[in-house]
Amino acid sequence: MGVVMAINAQRALKVIVGDDVDDLFARAGAVKVNSSRVMIGAGPHAGTKVLDVAEERPGKTMHHADLLRELLAPIPPENMHASKKLVRIEEATSRPLTLHFSDNTSTPADALIGADSIFGFVRSHVLPPAHPAPMPVPVGWVGTINMVPTAKAREKLGAQWFEEDRQYGWCIGTTIAPWTREGGERRKAVDRAYLEGVYEGWEEWVKAGMIELLLDQADPAAYATYEHLDAPTYVNGHVCIAGDAAHAMAPWQGSGAAMALEDAVILGGLFAKIISPDEIPRLLHVYNEARRPRTQRIAKSSRQTGRILSGIDEDVGLDPGRMREALKDWWSFIYDFDLDAHIASAVKALENRA
Ligand SMILES: Cc1cc2nc3c(=O)[nH]c(=O)nc-3n(C[C@H](O)[C@H](O)[C@H](O)COP(=O)(O)OP(=O)(O)OC[C@H]3O[C@@H](n4cnc5c(N)ncnc54)[C@H](O)[C@@H]3O)c2cc1C
């Protein structure tokens with residue numbers, strides 16, 4: 001799958017990787033996204049451009065796996081333990097934690113940062129037992145995804161969409177997919193009949209091309225989109241959650257990975273300031289205070305973005321003018337974010353709690 005690193009994600013990566021970040025993007029095969037262009041895909045305004053998102057502050061897109069490969073490359077192999085599944089967290093007496101894995105191994109730890117994703121396990125350790133938020137809930141949208149060579153996409157969709165490196169989103173006035181809520185299914189196999197139903201009312205050229213491209217894979221499927229209800233805390237003692245484990249969000253503002261990177265930057269900045277494991281609960285408290293407001297605001301705004309981009313917001317509909325009005329500056333609070341000030345304020349809060 002491809003991922004876009006928006007401008008704020010690029011800033012966070014620069015803090016993590018340093019000046020090498022442009023080389024890292026080059027090695028990962030990143031391509032500049034000249035904008036994310038929102039288009040009307042169905043109805044009387046089909047073919048109308050709504051607006052360009054992030055034209056002034058372009059993102060970079062690449063294969064998710066290539067980005068991960070490059071991020072992991074500098075880490076010494078002896079510090080990585082892949083294919084180990086955490087199954088239990090024990091609050092030991094000699095050290096704060098013992099982590100138990102499914103292969104019957106265990107390890108002592110001063111702290112645990114649970115970045116174990118949306119269906120992860122650490123969230124249920126962090127949240128109060130009676131709280132409804134540990135398990136993710138379906139947002140109602142589904143996505144069918146395929147990655148194909150650009151030449152093939154150009155051939156099926158038309159060369160006019162490939163004159164510049166751009167991301168396109170087509171708004172068609174979809175309803176929310178009820179099957180994700182009714183049966184709790186996370187994945188559903190799709191075929192031509194299903195896709196023709198989904199694309200009913202679309203412009204013929206895009207409908208035919210997209211169906212061909214989506215069926216051009218071994219097991220085409222629709223995947224349900226999930227998000228978390230707002231967690232009252234991201235922290236419990238020496239344990240915290242970060243990334244999707246803390247704040248999984250609908251992907252409409254392309255910010256989930258960016259938030260995971262910002263979480264990492266704040267945690268890194270704070271851990272650099274302590275000298276004893278005894279300081280960890282205090283540090284994690286500061287992390288929680290710093291990160292919850294921003295990440296939960298973006299989760300809420302991403303959900304609303306989905307309603308507008310899907311054309312199902314009652315006040316906006318599939319009207320290009322109203323959509324433009326609703327969406328202009330919509331991403332500003334995400335992109336125009338002062339990460340340096342965010343780090344400095346978290347570090348100051350840590351010092352003040354000493
Ligand atoms: C369709 C779609 C498009 C998106 N596009 C964008 C985009 O353009 N830009 C953007 O910023 N974000 C985007 N996102 C969001 C982004 O993909 C996620 O927010 C991001 O991958 C979260 O990273 P993470 O490290 O928190 O979790 P993950 O990437 O899910 O990694 C979690 C890791 O934890 C491991 N794990 C799970 N359980 C355990 C366990 N018990 N023990 C040990 N390890 C465990 C997993 O194996 C996995 O390796 C998109 C999401 C979707 C669905």
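Which residues does H100 touch, not counting residues up to four places away in sequence? They are V87, R88, E90 and S106, where a contact requires C-beta atoms, placed from the backbone, within 7 Å of each other. Before following that residue further, here is some background. This is a predicted model, in which local features need pLDDT of at least 70 and side-chain atom pairs count only at pLDDT 80 or more, while totals for chains, interfaces and linings use all residues. Residues are numbered from 1 along each chain as its sequence is written.

Let us start with the whole protein. Its secondary structure comes to 14 helices and 15 strands; these are DSSP runs numbered from the N terminus, with helices (H or I) of at least four residues and strands (E) of at least two. A compact globule of 354 residues would have a radius of gyration near 20 Å, and the protein agrees with this at 22 Å. That radius is taken over C-alpha atoms, and the globule rule is 2.2 Å times the number of residues to the power 0.38. Along the principal axes, the C-alpha atoms fill a box of roughly 65 × 40 × 40 Å. Of the 354 residues, 34% count as buried, meaning that 20 or more other C-beta atoms lie within 10 Å of the residue's own; with 12 or fewer a residue is exposed, and in between it is partly exposed, with C-beta atoms placed from the backbone. Among contacts between residues at least 6 apart in sequence, 74% join residues at least 24 apart.

Now back to H100, which sits in strand β7 (residues 97-101). H100 counts as partly exposed because it has 15 C-beta neighbours inside 10 Å. On one side, β7 runs antiparallel to strand β6 (residues 86-90), joined by four bridges; two strands pair if DSSP finds at least two bridges between them. A hairpin of six residues leads from β6 to β7, and R88 has H100 as its bridge partner. The C-alpha atoms of H100 and L86 are separated by 5.9 Å, although these residues lie 14 apart along the chain. Strand β8 (residues 106-109) also pairs with β7, in the antiparallel sense and over four bridges, with T98 opposite P108. The β7-β8 hairpin has four residues between its strands, and N104 in the turn has a positive phi of about 65 degrees.

Strands of a sheet pair through backbone hydrogen bonds, either parallel or antiparallel. One open sheet here has three strands in the order β1-β5-β2, with antiparallel pairing. Its edge strands, β1 and β2 (31-33), each pair on one side only. From one strand to the next, the twist averages 35 degrees; axes are lines fitted to C-alpha atoms, for helices over the stretch in contact, and angles run from 0 to 180 degrees between N-to-C directions. Three bridges join β2 to β5 (residues 59-63), one pair of bridge partners being V31 and T61. Helix α3 (residues 64-72) packs on this sheet, touching β1 and β5, and its direction makes about 95 degrees with that of β5.

Another open sheet follows the order β4-β3-β11, and its pairing is mixed. Here β4 (49-53) and β11 (167-171) are the edge strands, each pairing on one side only. Neighbouring strands are turned by 20 degrees against each other on average, direction ignored. Strand β3 (residues 36-40) runs antiparallel to β4 over four bridges, and V38 stands opposite L51.

Strand β13 (residues 221-227) is worth a look as well. Five of its seven residues are buried, so β13 is largely enclosed by the rest of the structure. Strand β10 (residues 137-143) pairs with β13 in the antiparallel sense over four bridges, with G143 opposite Y223. Strand β12 (residues 187-189) runs antiparallel to β13 too, joined by three bridges, and K188 stands opposite A222.

Finally, turn to the ligand. Of the 21 residues around the ligand, D116, S117, G243, G256 and A257 come nearest; a residue counts as near if its C-beta atom, placed from the backbone, lies within 6 Å. The elements giving two or more residues to this shell are β1 (2-5), α9 (244-247) and α10 (256-271). The largest share, four residues, comes from α10. By class, the shell has eleven nonpolar, seven polar and three charged residues. Here Ala, Val, Leu, Ile, Met, Phe, Trp, Tyr, Cys and Pro count as nonpolar, Asp, Glu, Lys and Arg as charged, and the others, Gly among them, as polar.

Conventions: Contact = placed C-beta atoms within 7 Å.
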